[in-house]
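Biologist: I should like to examine this model with you, one question at a time. Please display it before we begin.

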Amino acid sequence: MSAAGDRLQDTARKAALALPDVSHGRPFTPDLDVYKVAGKVFLIVTDDPDEQIITVKCEPEHACAQERGYASITPGRCLDKRHWISLGPGPGITERLITEAVEDSYDLVAERLPRRDRPSAR
């Protein structure tokens, strides 16, 4: 079953908050909920009802495959288009896909942190 926009965003938020050492706030604008691990962004959730998307970090090769496989996955909005993707509601965008995208983004950011800053294993 595909996730509607509000469910997409709620699923992403829950997935992010279930991970170790996650902080979140709205440092850029009141319409962007930003999730970080050790001060590094791994998830951005829009609160704009007209554009219900989430944006996550992604390996470039995987990002291209995701964009080809799903019409509502696009290059990251307002970020490096090779390393970030945005997911919107649409065919094939399931809660599982959203959760996996958030977890993969978190892992990608966490593994690049200096060892002393990495969160405890999940």
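Biologist: Where does D21 lie?

Modeller: This is a predicted model, in which local features need pLDDT of at least 70 and side-chain atom pairs count only at pLDDT 80 or more, whereas totals for chains, interfaces and linings use all residues. Residues are numbered from 1 along each chain as its sequence is written, and side-chain values use heavy atoms, leaving out hydrogens and water. Helices (H or I, at least four residues) and strands (E, at least two) are DSSP runs, numbered from the N terminus. On that numbering, D21 lies in the loop between helix 1 and strand 1.

Biologist: Is D21 buried or exposed?

Modeller: Buried means under 20% relative accessible area, exposed means over 50%, and partly exposed is in between (1.4 Å probe, protein chains only). The relative accessible area of D21 is 51%, so D21 is exposed.

Biologist: What is phi of D21?

Modeller: Most residues other than glycine have a negative phi. D21 is a residue other than glycine, yet its phi is positive, near 60 degrees.

Biologist: How many bridges join strand 2 to strand 3?

Modeller: Two strands pair if DSSP finds at least two bridges between them. One such bridge has K36 and, in strand 3, its partner V41. Strand 2 and strand 3 run antiparallel, and the number of bridges joining them is six.

Biologist: Which residue takes a positive phi in the hairpin of strand 2 and strand 3?

Modeller: This hairpin has two residues between its strands. The residue in question lies in the loop between strand 2 and strand 3 and counts as partly exposed, at 41% relative accessibility. With phi near 50 degrees, it is A38.

Biologist: How many residues lie between strand 1 and strand 2 in their hairpin?

Modeller: Strand 1 and strand 2 pair in the antiparallel sense over four bridges. V22 stands opposite V37 in strand 2. The number of residues between the two strands of the hairpin is six.

Biologist: In what order do the six strands form the open sheet?

Modeller: Strand 1 (22–25) and strand 5 (73–75) each have a single partner strand, so one side of each is left without a neighbour in the sheet. Neighbouring strands are turned by 25 degrees against each other on average, direction ignored. The pairing is antiparallel, and the order is 1-2-3-4-6-5.

Biologist: Which residue in strand 4 does V45 stand opposite?

Modeller: Strand 3 (residues 40–46) and strand 4 (residues 54–57) pair in the antiparallel sense over three bridges. The residue sought touches V45 and, among others, L8, A12, L87 and V102, where contact means heavy atoms within 4.5 Å. The residue opposite V45 is I54.

Biologist: At about what angle does the direction of helix 3 run to that of strand 4?

Modeller: Axes are lines fitted to C-alpha atoms, for helices over the stretch in contact, and angles run from 0 to 180 degrees between N-to-C directions. Helix 3 (residues 95–111) packs on the sheet and touches strand 1, strand 2, strand 3, strand 4, strand 5 and strand 6. Its direction makes an angle with that of strand 4 of about 40 degrees.

Biologist: Which element gives the largest share of the largest nonpolar core?

Modeller: A nonpolar core is a set of buried Ala, Val, Leu, Ile, Met, Phe, Trp, Tyr and Cys residues joined through side-chain atoms within 4.5 Å. The largest one has 27 residues, and F42, L43, I54, V56, L87 and V102 touch the most other members. The largest share is seven residues, and it comes from helix 3.

Biologist: How far apart in space are V109 and K40, C-alpha to C-alpha?

Modeller: V109 is found in helix 3 and is buried, at a relative accessible area of 8%. Among the residues that V109 touches are V37, K40 and F42. Although V109 and K40 are 69 residues apart in sequence, their C-alpha distance is 7.0 Å.

Biologist: What is the radius of gyration of the protein chain?

Modeller: The radius is taken over C-alpha atoms, and the globule rule is 2.2 Å times the number of residues to the power 0.38. For 122 residues the rule gives 14 Å; the chain is close to that value, so it is as compact as a globular protein of that length. The radius of gyration is 13 Å.

Conventions. Lists of a residue's contacts leave out its neighbours within four places in sequence.
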